[in-house]
Amino acid sequence: MFCSSFNSAQNAPTTVGNGNINQASVSDSADSGSVIKRTFVEGFQKKYTDKAFVYQFKTPEKNAWDRFKEWLAHIFKNIFRFTNNQTSLNFVEILLKTIAILIVVFVIYLLVKALMNKEGQWIFGKDSDKKLIHYTEIERKLQLKDFEDLIHNTLTTGEKRLTIRYYYLWLLKKMAHQQWIEWDIEKTNSDYLYELQTQSRKDDFAYLSYLYNYIWYGEFELDQTTFEKAKAAFEKAIKSMGNV
């Protein structure tokens with residue numbers, strides 16, 4: 001009886017939870033040595049390269065700029081008695097950004113000023129390179145130039161500004177001939193003004209220099225009245241120094 005019951009229990013199905021598993025089937029599967037094959041999506045490794053899967057934190061290396069900021073932060077911390085290093089570092093960040101903005105604004109200001117300078121049109125204008133070489137060559141050969149002929153040509157072509165420039169160079173030639181000044185292409189109006197010995201000559205040259213700078217470098221339409229006034233002033237001064 002006992003043996004019969006035991007044999008029946010052996011052949012009875014095994015119950016797990018709510019389902020029945022056939023023991024024979026399990027044994028047959030286990031004895032058969034079959035292997036379940038699993039497949040993976042191509043490139044699945046990339047999924048696990050995100051920061052969430054990195055369990056070992058590595059402190060990033062500091063570059064020279066970071067070390068410089070920390071050095072500044074240490075100095076300011078001692079000066080202003082900051083409570084901690086981070087507060088001092090934040091102050092340095094704000095300070096450096098402010099300085100960078102000020103530098104950019106200053107550079108823009110210089111560029112705008114250069115473009116709006118009275119000499120801007122002469123330097124950046126059309127055919128400026130050609131004119132600059134031409135004028136410099138005249139100045140280098142100042143003593144050899146016949147300014148009366150040059151002025152006559154510019155009056156014919158209506159180049160009023162160029163006429164006044166020739167009058168100014170002719171004036172310098174006359175002053176050098178009178179030994180009032182020593183001509184040098186590198187000298188400025190202020191240099192020549194300093195060389196003049198009498199106050200009357202200083203006053204006359206200062207006024208004529210003003211007319212020249214105003215007309216030659218001025219970015220405006222030169223009217224006939226202003227031109228005639230300047231032309232008469234230069235002619236009077238040049239005539240007073242005799243023929244050269």
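Let's start with one lysine. Lys69 counts as buried, because its relative accessibility is 11%, and the cut-off for buried is under 20%. This is a predicted model, so every value here is computed from it.

What does Lys69 pair with? Lys69 forms a salt bridge with Asp66. The closest N and O atoms are 3.9 Å apart. The cut-off for a salt bridge is 4 Å. Both residues sit in helix H3, three residues apart, so about one helical turn separates them. Asp66 counts as partly exposed, because its relative accessibility is 26%. So this pair joins a buried lysine to a partly exposed aspartate.

Now the overall picture. The protein has 244 residues, and 23% of them count as buried. There are eleven helices and two strands. Reading from the N terminus, the order is α-β-β-α-α-α-α-α-α-α-α-α-α. The exposed area is about 19,200 Å². Carbon and sulfur atoms supply 57% of that area. On contacts, take those with a separation of 6 or more. Residues 24 or more positions apart account for 51% of them.

Back to helix H3. H3 covers residues 64–80, and Trp71 lies in it. Trp71 is also part of a nonpolar surface patch. The other members are Trp65, Phe68, Ile75, Ile79 and Phe80. The patch measures about 630 Å².

Next, the salt bridges. How many does a search of the whole structure find? It finds four. You have had Lys69 with Asp66.

Take Lys231 and Glu235. Their side chains meet in a salt bridge at 3.0 Å, N to O. Both lie in helix H11, residues 224–239, four residues apart, about one turn of the helix. Here is the geometry behind that spacing. An α-helix has 3.6 residues a turn, so residues three or four places apart point the same way. Lys231 is buried, because its relative accessible area is 15%. Glu235 counts as partly exposed, because its relative accessibility is 33%. Elsewhere, salt bridges with shared partners join Asp66, Lys69 and Glu93 into one network.

Then Lys187 and Glu195. The closest N and O atoms in this salt bridge are 2.4 Å apart. Lys187 is partly exposed, because its relative accessible area is 25%. Is Glu195 buried or exposed? Glu195 is buried, because its relative accessible area is 19%. The cut-off for buried is under 20%.

Stay with Glu195. Glu195 sits in helix H9, residues 189–195. A polar atom of its side chain lies 2.8 Å from the backbone nitrogen of Glu182. Set aside the neighbours within four places in sequence. Glu195 is then in contact with Trp180, Ile181, Glu182 and Lys187. So the buried Glu195 has Lys187 as a salt-bridge partner and the backbone of Glu182 as a polar neighbour.

On to helix H8, residues 160–177. H8 has 18 residues. From first C-alpha to last, H8 reaches 26 Å, close to the 26 Å expected at 1.5 Å a residue. How many of its residues are buried? The count is 15 of the 18, so H8 is largely enclosed by the rest of the structure. Just after H8, Gln179 takes a positive phi of about 65°.

What does H7 bring to this region? H7 covers residues 147–157, and Ile151 is found in it. Ile151 is buried, because its relative accessible area is 4%. Again, leave out the neighbours within four places in sequence. Ile151 is in contact with Thr163, Tyr166, Tyr167 and Trp170. Ile151 and Tyr167 are 16 residues apart in sequence. Their C-alpha atoms are 7.5 Å apart in space.

Last stop, Lys239. Lys239 lies in helix H11. Lys239 is exposed, because its relative accessible area is 72%. Which distance links Lys239 to Leu171? The C-alpha atoms of the two are separated by 9.6 Å. Along the chain, they are 68 residues apart.

To recap with two lysines of H11. Lys231 is buried at 15%. Lys239 is exposed at 72%.

Conventions
Residues are numbered from 1 along each chain as its sequence is written. This is a predicted model: local features need pLDDT of at least 70, side-chain atom pairs count only at pLDDT 80 or more; totals for chains, interfaces and linings use all residues. Side-chain values use heavy atoms; hydrogens and water are left out. Patches are made of residues with over 30% relative accessible area and no salt bridge: like charges are joined within 9 Å, nonpolar side chains (Val, Leu, Ile, Met, Phe, Trp, Tyr) within 5 Å. Accessible areas come from the Shrake-Rupley method with a 1.4 Å probe; for residues, only the protein chains shown count as cover. The expected span of a helix is 1.5 Å times one less than its number of residues. Buried means under 20% relative accessible area, exposed over 50%, partly exposed in between (1.4 Å probe, protein chains only). A polar contact is a pair of N or O atoms within 3.5 Å; within protein, one must be able to donate a hydrogen and the other to accept it, and residues adjacent in sequence count only if both atoms are side-chain atoms. Contact means heavy atoms within 4.5 Å.
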